[in-house]
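Me: I would like a close look at a single part of this structure and at what surrounds it. Please set out the details in one connected account.

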Amino acid sequence: MNRIPVKSSNIAAVGYDAATQTLEVEFLDNHRVYQYEGVPQDLYELTMNSISIGKVFHARIRGRYPEREVTGEVGTRPVEIDPVPEDTLTPQQLDECRQVLRECARLDYEAHSAYLAAMNDIETHRLIMLKRVGADHIPLERLRELMWREALGLRPAEGNVS
């Protein structure tokens with residue numbers, strides 16, 4: 001199975017075979033390779049598209065699907081990416097590559113910043129709601145109800161907050 005390199009602090013590369021629903025993971029620290037059987041394709045895609053591949057992998061895959069080590073077995077290998085020597089590129093091509101890399105870094109930064117801002121907005125809104133209703137704790141369902149009522153311009157329902 002071919003693996004593609006990923007940007008992660010603990011995973012070096014990931015491969016997936018949709019026909020057998022087999023996920024293959026190479027770890028960064030020891031370069032050991034493990035396969036996980038029965039991993040649905042949507043979970044694989046969720047993992048690969050997440051901000052933290054390692055966190056999703058550890059939370060939703062490791063320990064939940066059958067695991068076997070395949071380090072060194074025939075048929076498991078990382079994808080070989082032959083780097084293009086810089087001297088074979090024209091100055092214009094080099095500039096285009098650098099521009100694409102800068103744009104990718106900018107988009108990654110913006111996505112992460114938007115995520116942090118959304119999390120900060122949610123926490124700020126939660127604290128405002130706590131203060132408004134005079135409580136030190138609001139269950140999540142009650143908080144959602146209060147937020148919807150506020151968004152719709154309705155008064156909070158009477159009764160216990162917690």
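Reply: Pro-5 has its bridge partner in strand S2, namely Ala-13. The model is a predicted one, in which local features need pLDDT of at least 70, side-chain atom pairs count only at pLDDT 80 or more, and totals for chains, interfaces and linings use all residues. Residues are numbered from 1 along each chain as its sequence is written, and side-chain values use heavy atoms, with hydrogens and water left out.

The bridge between Pro-5 and Ala-13 belongs to the antiparallel pairing of strand S1 (residues 2-5) with S2, which extends over two bridges. Strands (E, at least two residues) and helices (H or I, at least four) are DSSP runs numbered from the N terminus, and two strands pair if DSSP finds at least two bridges between them. S1 and S2 make a hairpin, with five residues lying between the two strands.

On to the next partner of S2: strand S3 (residues 22-27) runs antiparallel to S2 and is joined to it by six bridges. Tyr-16 has Leu-23 of S3 as its bridge partner, and Val-14 is placed opposite Val-25 of S3. S2 and S3 also form a hairpin, here with four residues between the strands, and Gln-21 in the turn has a positive phi of about 55 degrees.

S3 is in turn joined to strand S4 (residues 33-37) by five bridges, again in the antiparallel sense. Leu-23 appears here too, with Tyr-36 as its bridge partner in S4. The hairpin of S3 and S4 has five residues between the strands, and His-31 takes a positive phi near 55 degrees in it.

How enclosed are these strands? Of the seven residues of S2 (residues 11-17), six are buried, so S2 is largely enclosed by the rest of the structure. Buried means under 20% relative accessible area, exposed means over 50%, and partly exposed covers the range in between (1.4 Å probe, protein chains only). For S3 the count is six of six, so this strand is likewise largely enclosed by the rest of the structure. Thr-22, Glu-24 and Glu-26 point one way from S3, while Leu-23, Val-25 and Phe-27 point the other way, and all are buried. In the chain as a whole, buried residues make up 24% of the 162 residues.

Ile-11 shows this setting at the level of one residue. Ile-11 lies in S2 and is buried, its relative accessible area being 1%. Its C-alpha atom is 7.1 Å from that of Val-25, although the two residues are 14 apart in sequence. Beyond neighbours within four places in sequence, Ile-11 is in contact (heavy atoms within 4.5 Å) with Val-6, Val-25, Glu-26, Phe-27, Leu-28, Ile-53, Gly-54 and Phe-57.

Ile-11 also takes part in the lining of an internal space. Rolling a probe the size of a water molecule over the atoms shows where empty space is left. On a 1 Å grid over the protein atoms alone, a cavity is a set of points where a 1.4 Å probe fits but cannot get out, while a pocket is an open set with protein on both sides within 12 Å along at least five of seven lines; lining residues have an atom within 4 Å of a point. Grid points are joined across faces, edges and corners, and a volume is the space filled by probe spheres set on the points.

There is one cavity of 30 Å³ or more in the structure, and the largest has a volume of about 50 Å³. Its lining consists of Ile-11, Val-14, Leu-23, Val-25, Tyr-44, Thr-47, Met-48, Ile-53, Phe-57 and Ile-61. Two or more lining residues come from each of S2, S3, helix H1 (41-48) and helix H2 (53-60), and H1 supplies the largest share, three residues. By class, nine lining residues are nonpolar, one is polar and none is charged; Ala, Val, Leu, Ile, Met, Phe, Trp, Tyr, Cys and Pro count as nonpolar, Asp, Glu, Lys and Arg as charged, and the others, Gly among them, as polar.

The largest pocket holds about 380 Å³ of space. It is lined by 17 residues, and those closest to its centre are Lys-7, Ser-50, Ile-51, Ser-52 and Asp-108. H2 and helix H3 (91-133) are the elements that give two or more residues to this lining. Its residues divide into six nonpolar, eight polar and three charged.
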